[in-house]
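Reader: Please take a close look at the charged side chains in this model: how they pair, and where they sit. State the cut-offs as you go.

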Amino acid sequence: MPDNPKSDVGRITKRSEFLAVQRGDRLRGRFFLLEIGNRGDDAAPRVGFTVTRKQGNAVERNRIRRRLREVVRNTGARDMCAGNDYVIVGRREILAASFEDLNAELSSRLRNPRAAKGANSHKAV
RNA sequence: CCAGCCGGCCGGGCGGCCGCGCGGACAACUGCCGAAAGGCGGUUCGCGAGGAAAGUCCGGGCUCCACGGAAGAACGGUGCCGGAUAACAUCCGGCGGGGGAGACCCCAGGGAAAGUGCAACAGAAAGGAUACCGCCACUUUGGUGGCAAGGGUGAAAUGGUGGGGUAAGAGCCCACCGCACGGCCGGCAACGGACGUGGCACGGUAAACCCCACCGGGAGCAAGACCGAAUAGGGGCGGCAUGCGGGGUAACCCGCGGGGCAUAUUCCGGCCCGCCGUCCGGGUAGGUUGCAGGAGGCGGAUGGCAACAUCCGCCCAAGAUGAAUGGCCGCCACGUUCCUGCCUUUUGGCAGGGGCCAUACAGAACCCGGCUUACAGGCCGGCUGGCAAU
């Protein structure tokens with residue numbers, strides 16, 4: 001597991017799971033809004049992506065989602081904590097941003113004390 | 001060579017590394033769970049967006065609902081003729097009208113003697129009549145009579161052009177054109193043609209109501225079918241429990257209590273009452289299916305002007321569901337731009353080198369046939385006009 005962390009990040013696809021994460025911590029950012037929810041177990045972290053219709057047509061929304069997935073695959077997975085669910089709400093600024101900026105942004109958000117705190121406090125009820 | 005018209009096609013290519021979805025294989029390598037069957041991985045192989053996948057505007061397949069058949073009413077749609085098609089508002093071939101020098105392009109193109117309505121403003125007059133300016137004759141100079149050629153108004157003005165004629169004019173007369181009617185000829189038809197007759201009536205508008213002909217039951221893959229937790233609730237069975245007192249064999253009844261509901265609150269009055277196990281049925285979350293072999297694609301032959309049809313051969317080509325087809329790099333093509341050299345009267349062309357961009361519109365969502373809209377750049381074919389050369 002330590003040498004291959006990327007494959008351990010799961011996806012969340014159910015509406016109920018997204019709604020659950022929505023009740024957790026929220027970190028606003030330049031490129032995206034990061035929502036963090038704690039499941040209360042020790043399983044691998046999971047991530048979900050939300051891109052609203054407002055951000056563009058289908059092609060642009062797909063591109064936003066794919067770039068976010070790539071960012072999570074490359075660097076984001078290292079900084080995610082087991083037992084947490086993350087939802088990244090993408091904005092159209094992602095289309096023009098470089099991957100260096102996106103990686104740095106996501107890493108700094110994930111290392112934020114509030115994000116780390118979510119993993120320790122199991123009282124999410 | 002330049003300008004233009006029409007039709008068809010492409011819409012980056014090759015390679016490397018990493019990653020995603022679906023399917024196959026596991027003979028070989030390998031991790032976990034399981035008694036096993038097997039499951040979750042790993043490995044490996046194959047496949048993986050469009051010409052519009054888009055808008056959701058028409059037409060179908062498919063599914064469910066409704067319905068005895070048929071016809072009609074209402075409502076909606078279509079509207080020259082013939083053909084193609086499963087069907088269409090689509091396509092093909094014609095006809096008619098309009099535009100263009102031409103190749104060609106455009107048309108919501110049935111009916112106005114079934115009826116109703118409308119036409120502002122302007123104008124003398126807008127659908128049965130009329131005369132402002134004007135023209136002519138007469139005149140007592142006030143007018144009276146005749147006329148509609150010309151002017152003027154309007155989206156539209158009562159057939160048009162030319163000639164004759166007349167006081168001036170007028171289909172009053174004549175020729176041609178138009179129109180109406182009649183039979184004839186050609187064509188399946190829309191329609192066309194020549195001929196004869198008639199001096200010409202019957203104005204426009206049906207993307208106004210309307211009339212006529214034809215077509216249409218409704219909703220949609222979130223259709224529909226199947227499996228089906230947890231929790232709450234319903235029913236069956238079993239077990240336990242079921243305040244106190246009185247009556248009764250018992251079901252139960254009466255009194256005093258407890259909790260909850262409705263009522264702003266209180267009292268009176270009203271209504272309701274437990275736990276555990278197990279099974280059954282409905283049903284929610286969730287899952288499976290529908291769901292990729294079809295009016296399928298490609299090639300050929302035959303028939304047809306064509307749309308298309310028939311036959312033969314080959315092929316199987318995405319299947320996601322908070323929704324896979326992506327990220328990075330190299331080379332090349334294409335494009336654009338700069339510099340140098342050469343050619344050319346110029347626009348420009350060729351060669352070499354460098355920089356930039358490395359792409360437009362846009363993402364399958366049950367499936368087909370169309371329509372419409374968006375689109376960087378490029379290729380091919382046919383045709384028209386002009387210039388030059390032969």
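Author: Glu-105 and Arg-109 both lie in helix 3, four residues apart, which is about one turn of the helix. Helices here are DSSP runs of H or I with at least four residues, strands are runs of E with at least two, and both are numbered from the N terminus. The model is a predicted one, in which local features need pLDDT of at least 70 and side-chain atom pairs count only at pLDDT 80 or more, while totals for chains, interfaces and linings use all residues. Residues are numbered from 1 along each chain as its sequence is written, chains are lettered from A and ligands numbered from 1 in the order in which they are written, and side-chain values use heavy atoms, with hydrogens and water left out.

Side chains of opposite charge can pair when their charged atoms come close. Glu-105 and Arg-109 form a salt bridge, their closest N and O atoms being 3.4 Å apart. A salt bridge means a side-chain nitrogen of Lys or Arg within 4 Å of a carboxyl oxygen of Asp or Glu. Glu-105 counts as buried because its relative accessibility is 9%, whereas Arg-109, at 22%, counts as partly exposed. Buried stands for under 20% relative accessible area, exposed for over 50%, and partly exposed for the range in between, with a 1.4 Å probe and protein chains only.

The whole structure holds five salt bridges. Another of them joins Arg-92 and Glu-60, at 3.5 Å from N to O. Arg-92 sits in the loop between strand 5 (84-90) and helix 3 (99-110), and Glu-60 in helix 2, so this pair ties together parts 32 residues apart in sequence. Both partners count as partly exposed, Arg-92 because its relative accessibility is 37% and Glu-60 because its value is 26%. Leaving out residues up to four places away in sequence, Glu-60 touches Gln-55, Arg-92 and Leu-95, where contact means heavy atoms within 4.5 Å. Glu-60 and Ile-94 are 34 residues apart in sequence, and their C-alpha atoms are 9.9 Å apart in space.

The side chains of Arg-91 and Glu-93 also meet in a salt bridge, at 3.7 Å from N to O. Arg-91 is partly exposed, with a relative accessible area of 37%, and Glu-93 counts as partly exposed at 36%.

Arg-67, placed in helix 2, is a charged residue without such a partner. Arg-67 is buried yet has no salt bridge, and the nearest side chain of opposite charge, Glu-70, is 9.1 Å away. For charge, Lys and Arg count as positive and Asp and Glu as negative, while His and the chain ends are not counted. A polar atom of the Arg-67 side chain lies 2.8 Å from the backbone oxygen of Leu-95. This is a polar contact, defined as a pair of N or O atoms within 3.5 Å; within protein, one atom must be able to donate a hydrogen and the other to accept it, and residues adjacent in sequence count only if both atoms are side-chain atoms. Apart from residues up to four places away in sequence, Arg-67 touches Ile-94, Leu-95, Ala-96, Ala-97 and Phe-99.

Other arginines meet RNA strand B. Of the 18 residues around the strand, Arg-11, Thr-50, Arg-63, Arg-66 and Arg-69 come nearest; a residue is near the strand if one of its heavy atoms lies within 4 Å of it. A side-chain N or O atom of Arg-63 is 2.8 Å from a phosphate oxygen of RNA strand B, and for Arg-69 the corresponding distance to a phosphate oxygen is 2.6 Å. Asn-62 places a polar side-chain atom 3.3 Å from a base nitrogen of the strand.

The surface near RNA strand B consists of nine charged, five nonpolar and four polar residues. In this count Asp, Glu, Lys and Arg are charged, Ala, Val, Leu, Ile, Met, Phe, Trp, Tyr, Cys and Pro are nonpolar, and the others, Gly among them, are polar. Helix 2 provides the largest share of this surface, nine residues, and helix 1 (15-22) and helix 2 (58-74) each supply at least two. Among the strand atoms within 4 Å of the protein, 62% belong to sugar or phosphate and the rest to bases.

As background, chain A has four helices and five strands, in the order β-α-β-β-β-α-β-α-α along the sequence. Of its 125 residues, 41% are buried.
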